[in-house]
Amino acid sequence: MKNFSNTYIFLYVSALVLIIAVGLSVVSIGLKPKQEANKQAEKAQQILKAAGYNVERTQAIALFESVAKPYPQNGEREKYAIRCADGTTGMVVSLSGKGLWGAIWGYAVLSSDNTTIKGVSFSHKSETPGLGAKISEDDFTQRFVGKKLYDENGQFVSVRVMPKGKYGDVKEVNRVDAISGATITSRGVDAMLSKQLLIDNR
């Protein structure tokens, strides 16, 4: 059996690693446009869902471009004017926060006077299935439809996400029930709504 020197083995392994690295880089660069397109389609689908549309991801971008128009970027929150599925107009506000295990995010569609939630959609990076992951399910998101961001005195109170029976003086129109067993994730949703839904041009 032929013996190879340490130098030969080192150079051979180095060349092999370099070839593999270059190959992976080429594949990554080649897939990047497709990955970005999928990301944009998923985003459009999420926004459309909050606005009342039920559309396949392959059709989401075309529909989104026909019903939504971005506001000039002002700060870190994305905003869009949108024609909702019910024919009314609204404002889409992007949301971002932190759940139990990682990032959570979503979109809220507000009424034309920015006082009422017309719809929301949420997503997450790594919340627990059956618990925190429920923020993306219709059973949770539908609780927000028609909820008010202001109290009877015209003060911004957001829409609070609160455990059952612990509402305090928060009115029903200003709150939704938290997800049972997902306290930290529910608090994350509550925090991002409270901090990011106050719109200046009410």
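Phe144 is buried, at 0% relative accessibility. This is a predicted model, and the report covers side-chain contacts in it, starting from that ring.

**Aromatic pairs**

Phe144 pairs with Phe140 in an edge-to-face arrangement. Their centres are 5.2 Å apart, with 85 degrees between the planes. Phe140 is also buried, at 2% relative accessibility. Phe122 joins Phe140 and Phe144 in one aromatic cluster.

Tyr150 and Phe156 make another edge-to-face pair. Here the centres lie 5.6 Å apart and the planes meet at 70 degrees. The two partners fall into separate classes of accessibility. Tyr150 counts as buried at 11%, because the cut-off for buried is under 20%. Phe156, at 23%, is partly exposed.

A search of the whole structure finds five aromatic pairs; the Phe140–Phe144 pair is one of them.

**A charge over a ring**

Tyr167 has a charged neighbour. Arg175 lies over the face of the Tyr167 ring, 3.5 Å from the ring centre.

**Salt bridges**

Side chains of opposite charge can pair when their charged atoms come close. The whole structure holds five salt bridges. Among them are these:

| Salt bridge | Closest N to O distance |
|---|---|
| Lys49 – Asp138 | 3.2 Å |
| Asp139 – Arg143 | 3.3 Å |
| Asp86 – Lys118 | 3.4 Å |

Take Lys49 and Asp138, which form a salt bridge at 3.2 Å. Lys49 sits in helix 1 (residues 6-50) and Asp138 in helix 3 (residues 138-141), so the bridge ties together parts that are 89 residues apart in sequence. Both ends are partly exposed: Lys49 has a relative accessible area of 37%, and Asp138 has 44%.

Asp86 and Lys118 meet in a salt bridge at 3.4 Å. This pair also links distant parts of the chain, 32 residues apart. Asp86 lies in the loop between strand 2 (79-83) and strand 3 (89-98). Lys118 belongs to strand 5 (residues 117-124). Asp86 is exposed at 54% relative accessibility, whereas Lys118 is partly exposed at 24%.

Asp139 and Arg143 complete the table, with their closest N and O atoms 3.3 Å apart. Asp139 is exposed, with a relative accessible area of 58%. Arg143 is partly exposed, with 27%.

**Buried or exposed?**

The accessibility values can be set side by side. Phe140 and Phe144 are buried. Asp86 and Asp139 are exposed. Lys49, Asp138, Lys118 and Arg143 are partly exposed.

Notes. Residues numbered from 1 in each chain as written. Predicted model: local features only at pLDDT ≥ 70, side-chain atom pairs only at ≥ 80, totals over all residues. Heavy atoms only, no water. Salt bridge = Lys/Arg side-chain N within 4 Å of Asp/Glu carboxyl O. Helix = DSSP H or I, 4+ residues; strand = E, 2+ residues; numbered from the N terminus. Buried < 20%, exposed > 50% of the residue type's maximum accessible area, 1.4 Å probe, protein only. Phe/Tyr/Trp six-rings, centres within 6.5 Å; stacked < 30°, edge-to-face > 60°. Lys NZ or Arg CZ within 6 Å of the ring centre and 35° of its normal.
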